[in-house]
Amino acid sequence: RRAVWIVPLIATAGASAGAVLSFWMGVTLGEKGLERFVSAKRLERLRARIDRRGAIALAALDLIPPPFPSTAVIVAAGALEMPRGRFLGALAVCRGLRFGLETLLAVKYGRQILVKLDAPIVRHIVLGIVVLAIGAAAVSAVRFMRSRTRLRV
């Protein structure tokens with residue numbers, strides 16, 4: 001408990017390093033490269049949102065936990081030449097806030113959650129999900145192999 005403050009710092013540092021890489025990919029891709037992945041209409045809306053709300057508001061989207069596609073926003077910010085320092089700084093602050101809040105919740109409710117997760121019904125549900133995932137992976141593999149053999153013929 002005494003060193004719990006390290007968790008959001010490490011998580012923020014790691015997530016920010018990944019964001020820098022994603023931002024750099026966007027810069028390398030450029031606006032023309034981004035047009036290959038995003039429709040012109042959607043790209044125009046994103047550009048207008050960036051111009052209207054700025055880097056800080058866009059970075060604040062990172063307060064939304066997954067599965068929000070924050071990587072796509074970061075790549076687009078790099079491709080649309082958003083100010084690097086302001087955007088990445090705001091992103092790091094927002095991630096620090098999110099990870100800090102998650103850490104506080106884990107400290108306060110973590111033991112209670114672990115007790116609930118240790119229930120037999122949870123184990124059965126997880127086992128069912130694992131079996132479904134393995135089955136779906138097997139079906140996908142069979143379909144993939146069949147599509148490859150059709151392409152060769």
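This passage looks at one helix pair and two glutamates in a predicted model.

The packing of helix 1 against helix 4 makes a convenient starting point. Two packed helices are described by the angle between their axes and the distance between those axes. Here, helix 1 (residues 6-34) meets helix 4 at an angle of about 145°, and the two axes lie 9 Å apart. The crossing of helix 1 with helix 4 is right-handed. On the helix 1 side, the contact draws on Val7, Pro8, Ala11, Thr12, Ala15, Ser16, Ala19, Val20, Phe23 and Val27. Helix 4 contributes Arg84, Phe87, Leu88, Leu91, Ala92, Arg95, Gly96, Phe99, Gly100 and Thr103. Sorted by class, this contact comprises 13 nonpolar, 5 polar and 2 charged residues.

Glycine 100, one of the helix 4 residues in that contact, also serves as a reference point for glutamate 44. The two are 56 residues apart in sequence, and their C-alpha atoms are separated by 34 Å in space. Glutamate 44 itself belongs to helix 2 (residues 40-59). Its relative accessible area is 45%, so glutamate 44 is classed as partly exposed.

Glutamate 81 sits in a loop instead, the one that links helix 3 (70-79) and helix 4 (84-117). With a relative accessibility of 69%, glutamate 81 counts as exposed, because the exposed class begins over 50%. The backbone at this position deserves a look as well. Most residues other than glycine have a negative phi. Glutamate 81, although not a glycine, has a positive phi of about 60°.

Technical notes. Residues are numbered from 1 along each chain as its sequence is written. This is a predicted model: local features need pLDDT of at least 70, side-chain atom pairs count only at pLDDT 80 or more; totals for chains, interfaces and linings use all residues. Side-chain values use heavy atoms; hydrogens and water are left out. Helices (H or I, at least four residues) and strands (E, at least two) are DSSP runs, numbered from the N terminus. Buried means under 20% relative accessible area, exposed over 50%, partly exposed in between (1.4 Å probe, protein chains only). Axes are lines fitted to C-alpha atoms, for helices over the stretch in contact, and angles run from 0 to 180 degrees between N-to-C directions. A crossing is left-handed if the near helix is turned anticlockwise from the far one by less than a right angle, and right-handed if clockwise. Contact means heavy atoms within 4.5 Å. Ala, Val, Leu, Ile, Met, Phe, Trp, Tyr, Cys and Pro count as nonpolar, Asp, Glu, Lys and Arg as charged, and the others, Gly among them, as polar.
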